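Visitor: I would like to go through this model with you, one question at a time.
Guide: Gladly; please have the sequence and the structure in view before we begin.

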Amino acid sequence: MALFQITTKSRKQLNGIRIEPGMTVQVVTQSMSNPVITNGGQPVIDAFHRLYGIDIKKAGCLNMVDLNVERIG
């Protein structure tokens, strides 16, 4: 298992969703692969929805340009 910390890089507002820089979630995965690009990013989508109540995919931020991914465990 691997623990990843995903943080938004910049402010963005799209489709009625506002993203602020520094919004951070932690995701535990079974694989060592980047959770943003693995399985359609579903664990990341779920984590942002659970913590902030936003759909990061609908906001157009589910990509490596808008998110910083760091393996912390």
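**Salt bridges, sheet and loops**

Guide: In this predicted model, E20 and R18 are joined by a salt bridge whose closest N and O atoms are 2.4 Å apart.

Visitor: Which residues are joined into one network by salt bridges that share partners?
Guide: Besides its bridge to R18, E20 forms a salt bridge with R11, where the closest N and O atoms are 3.0 Å apart. Because E20 takes part in the bridge with R18 as well as the one with R11, the shared partner links these salt bridges into one network made up of R11, R18 and E20.

Visitor: Is R11 buried or exposed?
Guide: The cut-off for an exposed residue is a relative accessible area over 50%. R11 has a relative accessible area of 55%, whereas its partner E20, at 24%, counts as partly exposed, and R18, at 46%, is partly exposed. By that cut-off R11 is therefore exposed.

Visitor: How many residues apart in sequence are the parts that the pair D66 and K12 ties together?
Guide: The side chains of D66 and K12 meet in a salt bridge, with 3.1 Å from N to O. D66 belongs to the loop between α1 and β5, while K12 belongs to strand β2 (residues 12–14), so the parts that this pair ties together are separated in sequence by 54 residues.

Visitor: Is D66 buried or exposed?
Guide: Leaving aside neighbours within four places in sequence, D66 is in contact with T7, T8, K9, S10, K12, G60 and C61. Its relative accessible area is 13%, and the cut-off for a buried residue is under 20%, whereas its salt-bridge partner K12, with 25%, is partly exposed. D66 therefore counts as buried.

Visitor: How many salt bridges does the structure hold?
Guide: Those described so far are R11 with E20, D66 with K12, and E20 with R18. The total for the structure is three.

Visitor: In what order do the strands of the open sheet stand?
Guide: Strand β1 (residues 2–8) is joined to β4 by six bridges, and these two strands run antiparallel. The open sheet is formed by three strands with antiparallel pairing, and their order is β4-β1-β5.

Visitor: Which strands stand at the edges, and by how many degrees does the twist average from one strand to the next?
Guide: β4 and β5 are the edge strands, and each has a single partner strand, so one side of each is left without a neighbour in the sheet. From one strand to the next, the twist averages 25 degrees.

Visitor: Which residue in β4 stands opposite I6?
Guide: The pairing of β1 with β4 is antiparallel and comprises six bridges. Within β4, Q26 is the residue opposite Q5, and the residue opposite I6 is V25.

Visitor: What angle does the direction of α1 make with that of β4?
Guide: α1 packs on the sheet and touches β1, β4 and β5. The direction of α1 makes an angle with that of β4 of about 135 degrees.

Visitor: Which residues lie on the covered face of β4?
Guide: In a regular strand, side chains alternate between the two faces of the sheet. In β4, the uncovered face holds T24, Q26 and V28, and the covered face holds V25, V27 and T29.

Visitor: What is the separation of the C-alpha atoms of G22 and R11?
Guide: G22 is found in the loop between β3 (17–19) and β4 (24–29), and with a relative accessible area of 43% it is partly exposed. Not counting residues up to four places away in sequence, G22 touches T7 and T8. G22 and R11 are 11 residues apart along the chain, and the separation of their C-alpha atoms is 9.0 Å.

Visitor: What pattern does the protein follow along the sequence?
Guide: The protein has one helix and five strands. Read along the sequence, these elements give the pattern β-β-β-β-α-β.

Visitor: What is the radius of gyration of the protein?
Guide: The C-alpha atoms fill a box of roughly 35 × 20 × 20 Å along the principal axes. For 73 residues, a compact globule would have a radius of gyration near 11 Å, and the value for the protein agrees with this, at 11 Å.

Note on methods: Residues are numbered from 1 along each chain as its sequence is written. This is a predicted model: local features need pLDDT of at least 70, side-chain atom pairs count only at pLDDT 80 or more; totals for chains, interfaces and linings use all residues. Side-chain values use heavy atoms; hydrogens and water are left out. Helices (H or I, at least four residues) and strands (E, at least two) are DSSP runs, numbered from the N terminus. Buried means under 20% relative accessible area, exposed over 50%, partly exposed in between (1.4 Å probe, protein chains only). Contact means heavy atoms within 4.5 Å. Two strands pair if DSSP finds at least two bridges between them. Axes are lines fitted to C-alpha atoms, for helices over the stretch in contact, and angles run from 0 to 180 degrees between N-to-C directions. The radius of gyration is taken over C-alpha atoms; the globule rule is 2.2 Å times the number of residues to the power 0.38. A salt bridge is a side-chain nitrogen of Lys or Arg within 4 Å of a carboxyl oxygen of Asp or Glu.
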